[in-house]
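Visitor: I'd like a close look at a single part of this protein, with enough of the surroundings to place it. Could you walk me through it?

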Amino acid sequence: MRLVVLGVGNAFSADWYSSCYAIVAGEEWILFDCPHPIRKIVQEGSRGAGVPLPFERLRGVFLSHLHADHVSGLEGLAYYFAYVLGKKLPLLTHRDIGASLWNCTLAGGMEWSRSQTDLKPVRRNFDDFFATTWLDEATPTAVGPFRVECRQTLHNIPTIAGRIHAGGKCIGLSADTAFDPALIDWLAACDLIVHEAGGPFLHTPLEKLATLPESIRRKMRITHYRDDFDVANSPVAALRQGQAIEV
Ligand SMILES: [Zn+2]
C-alpha cells in the first residue's frame, strides 16, 4: 500500500494545496478529501511521485467533512465523472456528513440544469451524481481491495477520521480534529498515522503530538500545517507535498 501526498496545507495556505491524499493498493486507489482544483492536484501529485492515479481506478472519495478546504473539489469531480467518464462518482462518508452535503454544499451549483436554452431546467438530485457507500463506526466497509473504517473526531462540524486497510497494512488519517487521546489510541495500531497539526481552535497543536510516546511518533507524519511551519525541524516528521510513502 502507498500513500501519495497530494496536499499538506491548512485552509489558509498559499504555498500548498489543501491537505488530501491518494491511498493506493495495486492499481486501485482512494482519494482522502477533495479540495479544488482536485484534478490538477491529483495530476501534479501523480507525476511528482511517479504513481499513476487514473480516475477510472478511483474506488471512492473518502470525505472527512464539509469545510471547503476538504470538499470544494467535489462538484467539479462529480461533473467530470458524469460528463467525461459517464458514471457516478463513488463516495465514502458518514450519514452525519452526507445529511448536509447536497442541500448545504452542492445543490447551489448542481441542482438545476437545462440541456438547451429553449428547454426548461431539469432538477437533479444527489443520487444522480454520486454512488455513495455510507460508512459507520460499528462496521468496517469493504471497498475493492480496501477495508475502510471511520471514527468521529472533535471538530466544529461532523467529521470522521479513517483507517484504511489493504494487503495486511493500515494507514490511519486523523482528518481535522482537536487533540484527542482517544483518537490517538484508535490510530495507534496503524502502520502509518497521518495527523493534522493545524494549531488551536478545534485543530491539534503540534506541541501535543510532540508529547506522545516515541512508538507513536515514529510512525506519525503531520499535515494540514501553516505556510510558516518549519518542516525540517519538526519534532514529529512532516509530510511533504508530492512524496509517496510505501507502507
Ligand atoms: Zn475542518
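Visitor: Take Ile171: is it buried or exposed, and how many other C-beta atoms lie within 10 Å?

Guide: Happy to take you there. Please keep in mind that this is a predicted model. Ile171 is buried: 25 other C-beta atoms lie within 10 Å, and a residue counts as buried from 20 upwards, which is why it falls in that class.

Let's start with the strand around it. Ile171 belongs to strand β12. This strand, residues 169-173, runs antiparallel to β11, residues 160-166, and 5 bridges join the two. Across that pairing, Ile164 is the residue that stands opposite Ile171. As general background, strands of a sheet pair through backbone hydrogen bonds, in either a parallel or an antiparallel way.

Stepping back to the sheet, β12 is part of an open sheet of 6 strands in the order β9-β10-β11-β12-β13-β14, and the pairing is mixed. The edges are held by β9 (141-143) and β14 (220-223); each has a single partner strand, so one side of each has no neighbour in the sheet. On average, neighbouring strands here are turned by 20° against each other, ignoring direction.

Now for the company that Ile171 keeps. Setting aside neighbours within four places in sequence, its contacts are Met1, Leu3, Ile23, Ile164, Cys190, Asp191, Leu192, Val194 and Val247. Ile164, the residue opposite in the pairing, is thus also on the contact list. Two further names, Leu192 and Val194, are contacts of Ile171 and lie within the range of β13 (192-196). Leu3 and Ile23 are contacts as well, and their numbers fall within β1 (2-7) and β2 (20-25). For a contrast in distance, take Glu111: it is 60 residues from Ile171 in sequence, and their C-alpha atoms are 35 Å apart in space.

Those two strands, β1 and β2, lead us to a helix. The buried residues of α1 pack against β1 and β2, and also against α3 (74-85) and β15 (244-246). The residues in question are Ile38, Ile41, Val42, Gly45, Ser46 and Ala49. They cover an arc of only 125° around the axis, which places them on the same side of α1. In general, an α-helix has 3.6 residues a turn, so residues three or four places apart point the same way. Lys40 and Arg47 are exposed residues on the face of α1 turned away from the buried side. The length of this helix checks out too: the 12 residues of α1 (38-49) should span 16 Å at 1.5 Å a residue, and the end C-alpha atoms are 16 Å apart, which agrees.

Both ends of α1 have a backbone detail to look at. In the loop between β3 (28-32) and α1 sits Pro37, which a cis peptide bond joins to His36, with omega at about -5°. Just after α1, Gly50 takes a positive phi of about 70°. For background, most residues other than glycine have a negative phi, and most peptide bonds are trans.

With that in mind, look at the loop that follows β13, between that strand and α7 (206-210), where Phe201 is found. Phe201 has phi near 60°, a positive value in a residue other than glycine. Leu202 lies in this loop between β13 and α7, and there phi is positive as well, at about 65°, although Leu202 is not a glycine. As for their surroundings, Phe201 counts as exposed with 7 C-beta neighbours inside 10 Å, whereas Leu202 is partly exposed with 16 other C-beta atoms within 10 Å.

Finally, here is the setting for all this. The protein chain comes to 8 helices and 15 strands. Its radius of gyration is 18 Å, close to the 18 Å that the globule rule gives for 247 residues, so the chain is as compact as a globular protein of that length. The C-alpha trace spans about 65 × 40 × 35 Å along its principal axes. Of the 247 residues, 43% count as buried, and Ile171 is one of the buried residues. Among contacts with a separation of 6 or more, 59% come from residues 24 or more positions apart.

How values were computed. Residues are numbered from 1 along each chain as its sequence is written. This is a predicted model: local features need pLDDT of at least 70, side-chain atom pairs count only at pLDDT 80 or more; totals for chains, interfaces and linings use all residues. Two strands pair if DSSP finds at least two bridges between them. Helices (H or I, at least four residues) and strands (E, at least two) are DSSP runs, numbered from the N terminus. Axes are lines fitted to C-alpha atoms, for helices over the stretch in contact, and angles run from 0 to 180 degrees between N-to-C directions. The expected span of a helix is 1.5 Å times one less than its number of residues. A residue is buried if 20 or more other C-beta atoms lie within 10 Å of its own, exposed if 12 or fewer, and partly exposed in between; C-beta atoms are placed from the backbone. The arc is that of the directions from the helix axis to the C-beta atoms. Two residues are in contact if their C-beta atoms, placed from the backbone, lie within 7 Å. The radius of gyration is taken over C-alpha atoms; the globule rule is 2.2 Å times the number of residues to the power 0.38.
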